[in-house]
Amino acid sequence: MKIKVLLVDDHLMVLQGLRFFLSTQNDIEVVGEAENGRKALHKTAELKPDVILMDLDMPVLNGVDATREIKMAYPDVKVIILTSYSDQDHVVPAIKAGASGYQLKDIDPDHLADTIRGAYTGTAQIHPRVANQLMTHVQSGDRMDTNHIEKLTKREDDVLRLIAAGKSNKEIATELYITEKTVKTHVSNILAKLEVNDRTQAAIYAMKHGYDKV
């Protein structure tokens, strides 16, 4: 029985390259393609893939939002992010959205095939460069002072909860009815008060204290 894979990327050359390589794998079958997150939702409903290779930066509906909606509707479908972005502002929201793996587009083709197999059997796989960054963030998070949370204002607390939920600055601004500039100011204040270096460490801090469960 072959692993059914759906390819989602807005670059035709990427789709063609992925389809060509995966067609050489005896246990993997590409069942469809989509050029944006919205079409990925429709294709998932239609084709019932086992694994989705999902780009992040796409028109209509981005990869994080598409992943979140797909996982809510089809929790058994495994989503592997395949992107050029390795920074924490992209990694954490994708993982929070339910991604089963996070790989960069410079991945060795054979490793990509193994990632698909791993996701299918329930093993999350993350690109080594991304994993090293996350390890650094987690280790930094372990040293955080839990009393720092008391320094936050009510609005900063609201922003931190949304950061923990994987929301971007734009999404936070929309949800709280404030400007992106104001969100950036709140984020800067949060980082200073929590004594962390970036929003990933802030998100880890928040998740450790149950913010993502509220």
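Leaving aside neighbours within four places in sequence, Asp 55 is in contact (heavy atoms within 4.5 Å) with Val 8, Asp 9, Asp 10, Gly 63, Leu 82, Thr 83 and Lys 105. This is a predicted model, in which local features need pLDDT of at least 70 and side-chain atom pairs count only at pLDDT 80 or more, while totals for chains, interfaces and linings use all residues. Residues are numbered from 1 along each chain as its sequence is written, and side-chain values use heavy atoms, with hydrogens and water left out.

Asp 55 is found in the loop between strand E3 (51-54) and helix H3 (63-73). Helices (H or I, at least four residues) and strands (E, at least two) are DSSP runs, numbered from the N terminus. Asp 55 has a relative accessible area of 4% and is therefore buried; buried means under 20% relative accessible area, exposed over 50%, and partly exposed in between, with a 1.4 Å probe and protein chains only. The UniProt record, an unreviewed entry, places the feature "modified residue: 4-aspartylphosphate" at Asp 55. UniProt positions are given in the numbering used here, feature names are shortened, and annotations may be inferred rather than shown by experiment.

Val 8, one of the contacts of Asp 55, also belongs to the largest nonpolar core, which has 23 residues. A nonpolar core is a set of buried Ala, Val, Leu, Ile, Met, Phe, Trp, Tyr and Cys residues joined through side-chain atoms within 4.5 Å. The residues with the most contacts inside this largest core are Val 8, Ile 52, Met 54, Ile 70, Ile 81 and Tyr 102. At least two residues of the core come from each of strand E1 (3-8), helix H2 (37-47), E3, H3, strand E4 (78-83), helix H4 (88-97) and strand E5 (101-104). Ile 70 may serve as an example: not counting residues up to four places away in sequence, Ile 70 touches Ala 40, Leu 41, Thr 44, Ile 52, Met 54, Pro 75, Val 77 and Val 79.

Two loops contain residues with a particular backbone angle. Most residues other than glycine have a negative phi. Lys 48, in the loop between H2 and E3, has a positive phi near 50°. Its relative accessible area is 44%, so Lys 48 is partly exposed. Val 60, in the loop between E3 and H3, also has a positive phi, near 70°. With a relative accessible area of 67%, Val 60 is exposed.

Further along the chain, Ser 100 lies in the loop between H4 and E5. Ser 100 is buried because its relative accessible area is 15%. Not counting residues up to four places away in sequence, Ser 100 touches Lys 78, Val 79, Ala 119, Thr 123, Ala 124 and Gln 125. Gln 125 is also among the contacts of Thr 115, a residue of helix H5. Leaving aside neighbours within four places in sequence, the other contacts of Thr 115 are Ile 80, Gln 103 and Ile 107. Thr 115 has 1% relative accessibility and therefore counts as buried.

The axes of helix H1 (residues 12-22) and helix H5 (residues 109-120) come within 11 Å and cross at roughly 75°. Axes are lines fitted to C-alpha atoms, for helices over the stretch in contact, and angles run from 0 to 180 degrees between N-to-C directions. H1 and H5 are therefore roughly perpendicular to each other; angles under 35 degrees count as roughly parallel, over 145 as roughly antiparallel, 65 to 115 as roughly perpendicular and the rest as oblique. Leu 18, Phe 21 and Leu 22 of H1 meet Pro 109, Asp 110, Leu 112, Ala 113 and Ile 116 of H5. By class, this contact has 7 nonpolar, no polar and 1 charged residues. Ala, Val, Leu, Ile, Met, Phe, Trp, Tyr, Cys and Pro count as nonpolar, Asp, Glu, Lys and Arg as charged, and the others, Gly among them, as polar.

A further pair of helices is H7 and H9. In helix H7 (residues 154-164), 8 of the 11 residues are buried, including Val 159, Leu 160 and Ile 163. The axes of H7 and helix H9 (residues 180-194) come within 10 Å and cross at roughly 90°. That makes H7 roughly perpendicular to H9. Val 183 is found in H9 and, at 0% relative accessibility, counts as buried. Val 183 touches Asn 169, Ile 172, Ala 173 and Ile 178, not counting residues up to four places away in sequence.
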